[in-house]
Amino acid sequence: MGGIDGLDLGTFGIYTFDFEHQPAARMRESIQELEELGWRAFWFPEVGGREAFTQAGYLLAATERMHVVNGIAQIWSRTARATYGGARLLADAYPDRHVLGLGFGGERRPGIKPLAAMREYLDEMDAIEAASPAPRAPMHRVLAAYGPKMLELARDHAAGAHTYHVTVAHTAQARETLGPDAFLGVEHPVLFETDPGKARAIAREHLHPYLTTPYNIAKFRRLGYSEEEIAGGGSDRIVDDLVFWGDPDIIVERLRGHVEAGADHVAVQVIGVEPGRSAMPHWRTLGDALPPRSGA
């Protein structure tokens with residue numbers, strides 16, 4: 001399978017929204033403990049107000065070996081030149097430790113298609129001639145991608161793709177489109193709850209924004225779910241496919257399904273944690289049950 005030249009993210013990493021709700025000191029303590037536990041990759045989105053490059057730089061400065069991945073930086077939150085400049089500096093300051101994940105998002109621009117917008121953005125980045133010193137290691141970028149055309153763009157104009165809230169079957173499809181050499185990183189939510197009723201209730205609350213927006217509904221329809229399965233909070237089948245719940249052994253077994261289907265790396269998002277609280281107890285459990293180092 002593929003990978004990102006010069007980087008060893010490990011087979012499993014951490015993905016979280018939690019740092020949006022934590023003060024800087026707690027963020028620093030948490031990511032330093034994750035590094036001590038052996039985790040090699042930390043993914044975070046850009047959704048709640050904290051700026052992607054500021055946060056990435058802070059987390060890189062707080063650690064010595066951790067790879068920090070934007071999952072994703074929204075392309076319309078900054079110009080292509082600003083994105084290029086930020087990624088170039090991080091590549092120079094922290095060689096082979098930062099991955100720029102780019103995705104369609106930011107200020108809405110009606111009528112512009114995601115694929116065309118991303119292609120134009122990448123072309124603009126690639127045409128920039130910077131006056132700043134060249135980084136000691138190359139910039140690494142991946143694209144948020146689901147459909148075949150965006151996956152092809154990720155294959156041809158980035159190191160590979162990052163997927164979010166998809167099934168194991170989609171991972172197999174994405175690997176086929178990307179081919180053997182491009183990187184495929186897959187995010188997947190997990191929930192440490194063994195009671196089916198409680199687990200599915202929490203999972204449905206988490207999935208609500210994704211099961212009720214047109215773009216995500218279209219994605220799930222392409223994955224083979226009917227309108228009836230998507231509506232009304234989601235059927236048990238779609239909920240169980242999109243959120244792996246149960247005891248650690250069951251969760252680990254299901255996460256490994258993505259690796260067997262072709263993922264190079266799986267970024268695990270623990271859900272069911274109240275805003276402002278830490279998922280650290282669950283990350284410790286995962287660290288014991290799911291060794292994050294390369295080849296795990």
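These legends go with close-up views of a predicted model.

Local features are taken where pLDDT is at least 70, and side-chain atom pairs count only at pLDDT 80 or more, while totals for chains, interfaces and linings use all residues. Numbering starts from 1 along each chain as its sequence is written, and side-chain values use heavy atoms, with hydrogens and water left out.

**View 1. Tyr15 meets Tyr164 in a tilted aromatic pair.** The whole structure has 6 aromatic pairs (Phe, Tyr or Trp rings, the six-membered one for Trp, with centres within 6.5 Å; planes under 30 degrees apart are stacked, over 60 edge-to-face, the rest tilted). For Tyr15 and Tyr164, the centres are 5.6 Å apart and the planes make an angle of 50°. Tyr15 sits in strand E1 (residues 12–15) and Tyr164 in the loop between strand E7 (160–163) and helix H6 (168–178), so this pair ties together parts 149 residues apart in sequence. Helices (H or I, at least four residues) and strands (E, at least two) are DSSP runs numbered from the N terminus. Tyr15 is buried at 2% relative accessibility, and Tyr164 is buried at 11% (buried is under 20% relative accessible area, exposed over 50%, partly exposed in between, with a 1.4 Å probe and protein chains only). Along with Phe17 and Tyr210, these two tyrosines make up one aromatic cluster.

**View 2. Helix H3 has a buried face.** H3 covers residues 80–93, and its end C-alpha atoms are 20 Å apart, in agreement with the 20 Å expected for 14 residues (1.5 Å times one less than the number of residues). Ala80, Thr83, Tyr84, Ala87, Arg88, Leu90 and Ala91 are buried. Those buried residues fall within an arc of 165° seen down the axis, so they line one face of H3 (the arc is that of the directions from the helix axis to the C-beta atoms). An α-helix has 3.6 residues a turn, so residues three or four places apart point the same way. Exposed Arg81 and Leu89 are on the face turned away from the buried side of H3. Ala82, also in H3, is partly exposed at 39% relative accessibility.

**View 3. Helix H6 packs with its buried residues on one side.** His170, Thr171, Ala174, Arg175, Thr177 and Leu178 are the buried residues of H6. Their arc around the axis is only 160°, which puts them on the same side of H6. They pack against helix H5 (148–157), E7, strand E8 (183–191) and helix H11 (248–261). Thr171 is buried, at 1% relative accessible area, and among its contacts beyond four places in sequence are Leu184, Val186 and His258 (heavy atoms within 4.5 Å). After H6 comes Gly179, with a positive phi near 80°.

**View 4. Some backbone oddities sit in loops.** Gly71 to Ile72 is a cis peptide bond, with omega near 15°, and Ile72 belongs to the loop between strand E3 (67–70) and strand E4 (73–76). Asp96 is not a glycine, yet has a positive phi of about 60°; its loop runs between H3 and strand E5 (98–106). His165 has a positive phi too, about 55°, in the loop between E7 and H6, and is buried at 0% relative accessible area.
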